[in-house]
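This report describes selected local features of one protein model. It is written for a reader who has the sequence and coordinates at hand.

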Amino acid sequence: MIVGTAGHVDHGKTALIQRLTGIDTDRLKEEKARGLTIEPGFAYPEVADDVELGFIDVPGHVRFLHHMLAGSAGVDTVLLVVAADDGVMPQTREHLQILTLLGLDRGLVALTKVDRVDTERRCQVRKEIATLLADTPLAGAPIVEVSSHSGEGVEALRDRLWTAAAAQHQATAQGHFRLAVDRVFTKTGAGLVVTGTAFAGQVAQGDEVRLVPAGLKARVRGLRRQHRDSRWAQQGDRVALNLAGNHIDRDSIQRGGWIVAEALETPPLRRLDVQLRLLDGAPELKHWAAIHAHLGVTRLSGRIALLEGQRLAPGEHMLGQLVLDAPVHACLGDRFVIRDPAGRLTLGGGTVLDGAPPRRGQRRPERLAWLAALAECATIAPLDLTPALREGLHRRPVGIDLHALARNANAEVQALVETVKSLGGETLTTAQAARSFSAEAISALETRLLDTVAANHQREPSMLGTERARLIRQAMPALPEATGRQLLERLIEDGKLEAHGPFVALPGHQVSLGEEEEALWARLEPRIAATPFQPPRVRDLATSEHLDEDRIREVLAACARLGRLYQVRRDHFYPAEAVAEMAATVHLLEREHGSIRAAAFRDRIGTGRKLAIHILEFFDKVGFTRRVGDERVIRNAEIWP
């Protein structure tokens with residue numbers, strides 16, 4: 001159990017932890033000299049062999065609120081500290097607001113310095129605290145009166161915390177490993193060490209991980225959890241990782257970075273779609289307002305784009321987008337806090353919904369509905385993506401990209417596939433993609449493919465069909481090609497399309513020429529037939545007919561698809577009858593000599609040596625002959641009977 005302190009400066013947080021654990025969490029010389037916590041400190045007392053308890057002591061001074069926010073990342077139990085002599089103070093209120101925004105709903109209150117006040121004052125401050133907590137997730141939290149100076153109540157508080165730690169079961173690790181880095185240092189003989197709280201998953205000695213946002217790969221040489229040597233750590237643990245790898249050094253990662261499993265590697269995220277809540281006492285927030293965002297352990301400047309209006313009133317919610325000045329790592333459900341640009345006022349916070357929003361269409365109804373479904377998922381613990389999958393199947397004609405959703409939610413793709421199946425959807429899976437659709441969406445996509453093929457037949461009657469990649473681009477530009485090919489193969493298997501090499505066509509489609517092409521062929525055919533074994537090249541025909549070469553080539557290629565011609569070389573088109581006669585000559589030469597030589601073939605058909613070689617190479621290519629040294633033999637006598 002990780003316990004985080006909260007409360008106003010000089011209310012005795014550090015002294016209380018030292019009295020409870022015997023550990024001074026102020027480690028910096030400046031902290032000891034000033035008697036003021038500046039950086040988060042950590043304590044791991046011995047409780048029992050099977051009980052793990054850690055404390056994170058955060059700064060209380062308003063100037064170090066960003067350090068308080070950093071220290072709160074990964075805390076699961078709050079120890080709110082209020083001094084009996086001061087009572088509830090500004091930072092008490094602001095820390096409580098922040099804890100609420102971060103979703104922390106478990107904890108207790110330590111009423112400190114009770115040795116300095118009388119019983120009446122104690123009762124008065126207890127009432128202040130109860131009123132303060134009344135409308136928060138900590139409403140009704142136990143209040144324990146303590147004095148770090150005299151020791152009063154310390155044992156009672158320790159019993160409560162130690163008992164809670166013993167009763168708390170180790171959380172089941174969910175998803176891939178994620179660790180928010182709050183300290184980075186080098187250690188002699190070990191190298192780079194990072195510490196932080198594990199947000200998700202498990203890590204073990206020897207694992208490969210990624211440093212974010214640098215993107216560098218590293219290996220876990222060793223690790224410690226809860227300040228003890230270990231071979232593994234998991235979600236909820238305080239962890240120190242000793243990392244090694246090429247180009248890995250002290251400058252590879254800073255506080256605020258992340259260590260994540262390779263499965264979570266993504267391009268740097270600068271835009272995050274979020275569910276935003278403005279605090280009751282905050283000023284109205286305008287679209288594109290400048291803010292400071294605190295996410296995990298990092299603090300970034302940026303702006304907030306409102307997606308459902310131009311202004312957000314105090315106490316209200318709205319879908320929005322954080323547009324940040326530097327890259328971050330985030331997953332669905334991560335909590336964040338926003339403050340004013342000067343860092344003096346906490347404005348609000350919320351939940352991350354999507355780390356890879358589209359550049360366009362951010363305010364379309366279907367996009368907002370998808371974000372609302374993700375927001376519903378983020379309220380479910382442990383995370384359940386059923387609402388988002390149901391919404392996606394219902395509204396998304398191009399399906400749900402399960403790989404993208406799995407990365408965003410730190411979930412397993414196969415688990416999403418099973419959920420889709422239970423909702424009546426279907427997932428098309430390839431090595432590169434997994435996309436889920438409703439039955440209606442798949443039917444609509446198949447209809448669109450068939451309609452596109454039919455339209456192409458009408459427009460291009462001389463084509464055998466439509467090339468697969470082109471068809472997918474035409475009919476389903478928003479889908480990955482691999483998914484489109486799967487749909488095509490289903491249609492071919494069902495007999496709704498026929499495959500002709502790289503082309504697909506409707507069953508019974510007959511290739512034909514249009515009127516204009518037939519007219520041009522009527523002009524070209526006599527010229528080609530005049531010298532059937534050495535027909536004019538495309539450029540010669542274009543010159544004589546005063547036409548563009550590409551137009552001639554296009555019509556001749558169409559005639560080749562109809563079987564009227566054979567394209568022996570790029571610009572050499574032979575009449576089908578001439579090719580059959582040349583094939584008969586090859587048969588004859590083989591019967592006479594046992595093989596075919598280029599010189600003998602040239603002499604028989606009366607053409608040049610180079611052209612004769614090209615023709616024989618064409619026969620090799622189509623499988624009629626095969627080459628053996630400098631000669632050829634018949635490979636398939638059935639091609640030209």
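The sections below treat strand pairing, salt bridges, a surface patch and backbone geometry in turn.

The model is predicted, so local features need pLDDT of at least 70 and side-chain atom pairs count only at pLDDT 80 or more, while totals for chains, interfaces and linings use all residues. Residues are numbered from 1 along each chain as its sequence is written, and side-chain values use heavy atoms, with hydrogens and water left out.

## Strand pairing

Helices (H or I, at least four residues) and strands (E, at least two) are DSSP runs numbered from the N terminus. Two strands are said to pair if DSSP finds at least two bridges between them.

Strand β7 (residues 178-187) has two partners described here. With strand β8 (residues 191-200), β7 pairs in the antiparallel sense over 9 bridges, and R183 stands opposite T195 in β8. These two strands form a hairpin with 3 residues between them. In that turn, G189 has a positive phi of about 85 degrees. With strand β15 (residues 258-261), β7 pairs in the antiparallel sense over 3 bridges; here V260 in β15 is the bridge partner of R178.

A further hairpin joins strand β32 (residues 625-628) to strand β33 (residues 631-634). Their pairing is antiparallel and runs over 4 bridges, with R626 opposite V633 in β33. The hairpin has 2 residues between its strands, and G629 in the turn has a positive phi of about 65 degrees.

## Salt bridges

Side chains of opposite charge can pair when their charged atoms come close. A salt bridge is defined as a side-chain nitrogen of Lys or Arg within 4 Å of a carboxyl oxygen of Asp or Glu. The structure holds 36 salt bridges. Three of them are listed below.

| Acidic residue | Basic residue | N to O distance |
|---|---|---|
| D237 | R225 | 3.0 Å |
| E489 | R468 | 3.6 Å |
| E481 | R485 | 2.9 Å |

The bridge between D237 and R225 links distant parts of the chain, 12 residues apart. D237 lies in the loop between β13 (232-234) and β14 (238-244), whereas R225 belongs to strand β11 (residues 216-225). Relative accessible area sorts residues into buried (under 20%), exposed (over 50%) and partly exposed (in between), using a 1.4 Å probe and protein chains only. D237 is buried because its relative accessible area is 2%, and R225 is buried at 11%.

The salt bridge of E489 with R468 also links distant parts of the chain, with the two positions 21 residues apart in numbering: E489 is in helix α13 (residues 481-493) and R468 in helix α12 (residues 468-475), 21 residues apart. E489 is partly exposed, since its relative accessible area is 35%, whereas R468 counts as buried at 11%.

E481 and R485 both lie in helix α13, 4 residues apart, which is about one turn of the helix. E481 is partly exposed at 39% relative accessibility, and R485 is partly exposed at 31%.

In addition, E549, D550, R553, R570 and D571 are linked in a network of salt bridges.

## A positive surface patch

R537, R539, R569 and K610 form a positive surface patch. Patches are made of residues with over 30% relative accessible area and no salt bridge, like charges being joined within 9 Å and nonpolar side chains (Val, Leu, Ile, Met, Phe, Trp, Tyr) within 5 Å. Of the patch members, R569 is placed in strand β30 (residues 565-569). R569 counts as partly exposed because its relative accessibility is 38%.

## Backbone geometry

Two cis peptide bonds are described here. The bond from V212 to P213 is cis, with omega near 15 degrees, and P213 is found in the loop between β10 (208-212) and β11. The bond from A381 to P382 is cis as well, with omega near -10 degrees; P382 lies in the loop between α7 (365-378) and α8 (386-395).

Positive phi values also occur in residues other than glycine. N410 has a phi of about 55 degrees and is found in the loop between α9 (402-409) and α10 (413-422). H546 has a phi near 55 degrees and is found in the loop between α15 (538-545) and α16 (549-561). N410 is buried, with a relative accessible area of 9%, whereas H546 is exposed at 72%.

Notes: Areas by Shrake-Rupley, 256 points an atom, 1.4 Å probe, with all protein chains shown as cover. Lys, Arg positive; Asp, Glu negative; His and termini not counted. Charge placed at Lys NZ, Arg CZ, Asp CG, Glu CD.
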